[in-house]
Amino acid sequence: MSLQVTNISKAFGGFKALSGVSLEVPMGGLVGLIGPNGAGKSTLFSVISGFMPPDEGAIGFDGRSLDGLNPAGRARTGLVRTFQVPREFAHLTVRENMMAAAPGQTGESLVGLFLRAGKVREEEERLAEEVREVIRFLRLERVADEPAGKLSGGQKKLVELGRALLVKPRLILLDEPFAGVNPVLIGEIMERIRELNGRGIGFLVIEHDLEALTRLAPQLYVMDQGRILTMGAPDAVLADARVREAYLGGAV
Ligand SMILES: Nc1ncnc2c1ncn2[C@@H]1O[C@H](COP(=O)(O)OP(=O)(O)OP(=O)(O)O)[C@@H](O)[C@H]1O
């Protein structure tokens, strides 16, 4: 069982951003996705997570087709994409940001709220405990009640990860977890990813910091100009002449 991306194509006007992309992430796997700027990595994440329909191709997850499911529907199957903490959430605290990320809260209408006040309280308490646990796991206790906008780049990345964890993911699409993060915190984020992976959560990780990613992911896919160029173990992939060519004519 796996995330199975088969023959995905996507054009913007006449420009083919994705051309027949196929890849596979085993359930519980840890796979990197690299490629020069404009290769199509973010577009592929948008298609996999259901934010953008492909022109062609199919996405399967754990043996079921995701085609036609919206992002929330895909998240319910356990496939979750991280996003930068939305700008309008910058004034909310870390804890509030995480509370807001959890899906399926009761109390969608005033009447419902009135009728289910007890249930809502119960749910809120359970959620608050889950949030406390995630904050502890991510070592964010000291900033839990600070506005998210005030955090360092690395701490914001941890909040993004926390928001994804509250959706109870089985596979996380992680977009540039090390961008704008200092080296010490890169090490910490890497440790948390490894621990989560050890608990069975799979990851597909886009990252430009190849040195960090090759320490984390035992398998890499390389994209260039909307196609998968190659895949395999980091050493083999980075020694590949086509990959060197794609990255600044051999400056990797
Ligand atoms: N909504 C859109 N409309 C038009 N063109 C788009 C759109 N989204 C992406 N593109 C184009 O598709 C190509 C692939 O972009 P994408 O952002 O997926 O690449 P990327 O590999 O994620 O790059 P980076 O590493 O710089 O984030 C780029 O040429 C981009 O300009």
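**Strand pairing, helix packing and the ligand shell in a predicted model**

Strands β4 (residues 56-61) and β5 are paired in the antiparallel sense over two bridges; helices (H or I, at least four residues) and strands (E, at least two) are DSSP runs, numbered from the N terminus, and two strands pair if DSSP finds at least two bridges between them. The model is predicted: local features need pLDDT of at least 70 and side-chain atom pairs count only at pLDDT 80 or more, whereas totals for chains, interfaces and linings use all residues. Residues are numbered from 1 along each chain as its sequence is written.

Within the β4-β5 pair, G60 has S65 of β5 as its bridge partner, and F61 stands opposite R64 of β5. Two residues lie between the strands of this hairpin, and D62 takes a positive phi near 55° there. On β1 (residues 2-12), pairing with β4 is also antiparallel and extends over five bridges, with L3 opposite F61 in β4. F61 of β4 thus appears opposite L3 and opposite R64 of β5. These strands belong to an open sheet of four, with the order β2-β1-β4-β5 and antiparallel pairing. Its edge strands, each paired on one side only, are β2 (15-26) and β5 (64-65).

Parallel pairing is found around β7 (residues 171-175). Strand β6 (residues 79-81) is joined to β7 by three bridges, and the two run parallel; V80 stands opposite I172 in β7. Five bridges connect β7 to β8 (residues 202-206), again in parallel, and in β8 the bridge partner of I172 is F203. Strand β7 is mostly covered, five of its five residues being buried, where buried denotes 20 or more other C-beta atoms within 10 Å of the residue's own, exposed 12 or fewer, and partly exposed a count in between, with C-beta atoms placed from the backbone. In a regular strand the side chains alternate between the two faces of the sheet. For β7, both faces are covered: L171, L173 and D175 are buried on one side, and I172 and L174 on the other.

The residues around the ligand are F12, A17, G35, N37, G38, A39, G40, K41, S42 and T43, a residue being near a molecule if its C-beta atom, placed from the backbone, lies within 6 Å of it. By class, this shell comprises three nonpolar, six polar and one charged residues; Ala, Val, Leu, Ile, Met, Phe, Trp, Tyr, Cys and Pro count as nonpolar, Asp, Glu, Lys and Arg as charged, and the others, Gly among them, as polar. Helix α1 (residues 41-48) supplies the largest share of the shell, three residues. In α1, the buried residues are K41, T43, L44, V47 and I48. Viewed down the axis of α1, these buried residues fall within an arc of 160°, so they line one face of the helix; the arc is that of the directions from the helix axis to the C-beta atoms. The helix is followed by G50, which has a positive phi near 90°.

In helix α3 (residues 94-101), V94, R95, N97, M98 and A101 are buried. Their arc around the axis is only 160°, which puts them on the same side of α3. The elements covering the buried residues of α3 include α5 (117-137) and α6 (153-165), with contact taken as C-beta atoms, placed from the backbone, within 7 Å.

R242 is located in helix α10 (residues 241-246). R242 counts as exposed because it has 11 C-beta neighbours inside 10 Å. Residues up to four places away in sequence not being counted, R242 touches L229 and T230. The C-alpha atoms of R242 and R121, which are 121 residues apart along the chain, are separated by 57 Å.

Overall, the chain contains ten helices and ten strands. Its radius of gyration is 19 Å, close to the 18 Å that the globule rule gives for 252 residues, so the chain is as compact as a globular protein of that length; the radius is taken over C-alpha atoms, and the rule is 2.2 Å times the number of residues to the power 0.38. Along the principal axes, the C-alpha atoms fill a box of roughly 60 × 40 × 35 Å. Buried residues constitute 36% of the 252 residues. Of the contacts in the chain with a separation of 6 or more, 65% are between residues 24 or more positions apart.

How values were computed:
Two residues are in contact if their C-beta atoms, placed from the backbone, lie within 7 Å.
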